Amino acid sequence: MSKIRITKQFSFETGHALYGYDGKCKNVHGHSYKLSVTVIGTPINDSSNVKFGMVIDFSDLKKIVKSEIVDVFDHATVFNKNTPHVELAKELKDRDHNVLLVNYQPTSEMMVIDFAEKIKKYLPETIQLHSLKLQETDTSFAEWYASDN
Ligand SMILES: Nc1nc2c(c(=O)[nH]1)N=C([C@H](O)[C@H](O)COP(=O)(O)OP(=O)(O)OP(=O)(O)O)CN2
Ligand SMILES: [Zn+2]
């Protein structure tokens, strides 16, 4: 049976700031992120299986990505906890804002690496994460490919 790639797309609104960056993105601002998640596997070949013909049910893939990424990052503001932004984060948290402290600079590149690790943990053994595309703006995106890593 052929290997097939399937892709599900997600979107979420997230704020961030790039501490130490030499441009306008050092300021707190936000993006309407678009995330495409592509997995690869062999469609189930057992006609008695309710998932007959599927690599993975799109809705099962959605459950993983929603709980691990979309629900966590949507309407949150992400800061690198290894920078003085941690103080700003504390102030916002104390005021009941949804703040995420991460162990990296929250660029598209670093976020897509984080997302790959999170999604891989929850995929069934028979399915591999093939690639991720994280679109920050209409003209800017980062991609993670299993074959590169
Ligand atoms: N390699 C990266 N460069 C930049 C990142 C990033 O994550 N990786 N992020 C930013 C800013 O957060 C922000 O996204 C600005 O990006 P940019 O594409 O420059 O946005 P513009 O609105 O100026 O884009 P145009 O479509 O060209 O107007 C900066 N760099
Ligand atoms: Zn940005």
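**Exercise 1.** Determine whether H16 is buried or exposed in this predicted model, and state where the residue lies.

*Solution.*
1. Count the neighbours: H16 has 26 other C-beta atoms within 10 Å.
2. Apply the cut-off: a residue is buried if 20 or more other C-beta atoms lie within 10 Å of its own. H16 is therefore buried.
3. Locate the residue: H16 belongs to strand β1, which covers residues 4-16.
4. List its contacts: leaving aside residues up to four places away in sequence, H16 touches T77, V78 and P106.

**Exercise 2.** Identify the residues that the UniProt annotation "binding site" covers, and establish how they are arranged in space.

*Solution.*
1. According to the unreviewed UniProt entry, the annotation "binding site" covers H16, H29 and H31.
2. These residues span 16 residues in sequence, yet no two of their C-alpha atoms are more than 8.3 Å apart, so they gather at one spot.
3. Examine H29: this residue lies in strand β2, residues 29-41. H29 counts as exposed because 12 C-beta neighbours lie inside 10 Å, the limit for that class being 12 or fewer. H16, by contrast, is buried.

**Exercise 3.** Describe the shell of residues around ligand 1 by membership, class and secondary structure.

*Solution.*
1. Membership: the residues around ligand 1 are L18, C25, T107, S108, E109, E136, T137, T139 and S140.
2. Class: the shell has two nonpolar, five polar and two charged residues.
3. Secondary structure: at least two shell residues come from each of α3 (108-122) and β5 (128-137).

**Exercise 4.** Characterise the loop residue T126 by its exposure and its spatial relation to G41.

*Solution.*
1. T126 sits in the loop that links α3 and β5.
2. Since T126 has 10 other C-beta atoms within 10 Å, the residue is exposed.
3. T126 and G41 are 85 residues apart along the chain, while their C-alpha atoms are separated by 6.7 Å.

**Exercise 5.** Describe the nonpolar cores, naming the elements that build the largest one.

*Solution.*
1. The largest nonpolar core comprises 18 residues, and those with the most contacts inside it are L35, V37 and F115.
2. Two or more residues of this core come from each of β2, α1 (58-73), α3 and β5. The greatest share is that of α1, with five residues.
3. A second, separate core has six residues, among them A17, V78, F79 and V99. Of these, V78 is also touched by H16.
4. Return to V37: with residues up to four places away in sequence not counted, V37 touches T7, K8, L61, V65, I119 and L132.

Definitions and conventions
Residues are numbered from 1 along each chain as its sequence is written. Chains are lettered from A and ligands numbered from 1 in the order in which they are written. This is a predicted model: local features need pLDDT of at least 70, side-chain atom pairs count only at pLDDT 80 or more; totals for chains, interfaces and linings use all residues. A residue is near a molecule or strand if its C-beta atom, placed from the backbone, lies within 6 Å of it. Helices (H or I, at least four residues) and strands (E, at least two) are DSSP runs, numbered from the N terminus. Ala, Val, Leu, Ile, Met, Phe, Trp, Tyr, Cys and Pro count as nonpolar, Asp, Glu, Lys and Arg as charged, and the others, Gly among them, as polar. UniProt positions are given in the numbering used here, feature names are shortened, and annotations may be inferred rather than shown by experiment. Two residues are in contact if their C-beta atoms, placed from the backbone, lie within 7 Å. A nonpolar core is a set of buried Ala, Val, Leu, Ile, Met, Phe, Trp, Tyr and Cys residues joined through C-beta atoms within 7 Å.
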